[in-house]
Amino acid sequence: MVLDHLFSLSLVLVLFAIAAAVGGRLVKAGGLQLDGSLDALLFWTAVGLGAVATAIVVVGLVFGVRPVVLFGVMAGAALLGRNELRELPALVRDACSFLRARADRLSLSVLCLVALFLITRALAPPTNWDALMYHLRVPQQFLQAGAIGLPEDNGHVAFVGLPHMLYLPLLAAGSPAGPALMSALCTLGLVLAGF
């Protein structure tokens, strides 16, 4: 079980790293300069998650959402952001240094406890109705059908949006906890952006 959780967490971290690299490439191509390392890391990640999700939708509509297609999209995204992937460890270190310099120990302790709670909770099997009916079920039905479309028995497809497309590679890789972990890390990113 521990190895399964580490696998899921590793997959999500790889997805975020690829997304941050793609976002960094797009931000640089747009000529946007960001002052702080934390700002850059969060902005790169947000832009990259949107870009990767959009790529999954476009490629999925044209070629289907079979695992080989999804992994091809992720490999292409990693190739596109390969230079930014090399910069990412230093950017993360700088962002952590920024946090340590700006926040007191109590704030950092609370942040770590919240992060631990969110990640631990995300690793548990889903139990809420929304996750079981459409957050996980509809993307899983897309994978089973091999295409993005209207499932015969699930009218909740209308509630599926761009963020749910990021679930497809995680589910295709065999990580049912991946989508919840992705949501937990996005929540932590939002907390850091508020900071």
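User: I'm starting with the end of H7. Which residue just after H7 takes a positive phi?

Analyst: That's glycine 146, with a phi of about 75 degrees. Keep in mind that this is a predicted model, so the numbers we discuss are computed from it.

User: And H7 itself? Which of its residues are buried?

Analyst: Buried means under 20% relative accessible area. Helix H7 covers residues 137-145, and its buried residues are Val138, Pro139, Gln141, Phe142 and Leu143.

User: Okay, what about a residue like alanine 90? Why does alanine 90 count as partly exposed?

Analyst: Use the cut-offs again: under 20% is buried, over 50% is exposed, and partly exposed is in between. Alanine 90 has 32% relative accessibility, so it counts as partly exposed. You'll find alanine 90 in helix H4.

User: How far is alanine 90 from serine 37 in space, and how far along the chain?

Analyst: Their C-alpha atoms are separated by 9.2 Å, while the two residues sit 53 residues apart along the chain.

User: Now the pockets. How do you even find empty space in a model?

Analyst: Rolling a probe the size of a water molecule over the atoms shows where empty space is left. In this model, the largest pocket has a volume of about 880 Å³. There are 27 residues lining the largest pocket, and those closest to its centre are Leu41, Leu42, Leu185, Leu188 and Leu192.

User: Which elements give two or more residues to that lining?

Analyst: For the largest pocket, they are H1 (2-29), H2 (37-63), H4 (82-102), H5 (105-123) and H10 (178-194). H10 supplies the largest share of this lining, with seven residues.

User: What kinds of residues make up the lining of the largest pocket?

Analyst: Sort them into three groups: the lining of the largest pocket has 25 nonpolar residues, two polar ones and no charged ones.

User: Let's try the second largest pocket. How much space lies in it?

Analyst: The second largest pocket holds about 430 Å³. Its lining has 19 residues, and Ala122, Pro126, Asn128, Ala131 and Ala180 are the closest to the centre. Two or more lining residues come from each of H5, helix H6 (129-135) and H10.

User: Which helix gives the most to the second lining, and how does that lining divide by residue type?

Analyst: H10 gives the most to the lining of the second largest pocket, with five residues. By type, that lining divides into 13 nonpolar, five polar and one charged.

User: Last topic: helix packing. How do I read the angle between H1 and H4?

Analyst: Angles from 65 to 115 count as roughly perpendicular. H1 and H4 pack at about 110 degrees, with their axes 8 Å apart. The two helices are therefore roughly perpendicular to each other. H1 passes H4 in a right-handed crossing.

User: And what about H2 and H10? What angle do they make?

Analyst: H2 and H10 pack at an angle of about 140 degrees, and their axes are 10 Å apart. That makes H2 oblique to H10. The crossing of H2 past H10 is left-handed.

User: Then how do H1 and H10 pack, and is their crossing left-handed or right-handed?

Analyst: Their axes are 9 Å apart, at an angle of about 55 degrees. H1 and H10 are therefore oblique to each other. As for handedness, the crossing of H1 and H10 is right-handed.

How values were computed
Residues are numbered from 1 along each chain as its sequence is written. This is a predicted model: local features need pLDDT of at least 70, side-chain atom pairs count only at pLDDT 80 or more; totals for chains, interfaces and linings use all residues. Side-chain values use heavy atoms; hydrogens and water are left out. On a 1 Å grid over the protein atoms alone, a cavity is a set of points where a 1.4 Å probe fits but cannot get out, and a pocket is an open set with protein on both sides within 12 Å along at least five of seven lines; lining residues have an atom within 4 Å of a point. Grid points are joined across faces, edges and corners, and a volume is the space filled by probe spheres set on the points. Helices (H or I, at least four residues) and strands (E, at least two) are DSSP runs, numbered from the N terminus. Ala, Val, Leu, Ile, Met, Phe, Trp, Tyr, Cys and Pro count as nonpolar, Asp, Glu, Lys and Arg as charged, and the others, Gly among them, as polar. Buried means under 20% relative accessible area, exposed over 50%, partly exposed in between (1.4 Å probe, protein chains only). Axes are lines fitted to C-alpha atoms, for helices over the stretch in contact, and angles run from 0 to 180 degrees between N-to-C directions. Angles under 35 degrees count as roughly parallel, over 145 as roughly antiparallel, 65 to 115 as roughly perpendicular and the rest as oblique. A crossing is left-handed if the near helix is turned anticlockwise from the far one by less than a right angle, and right-handed if clockwise.
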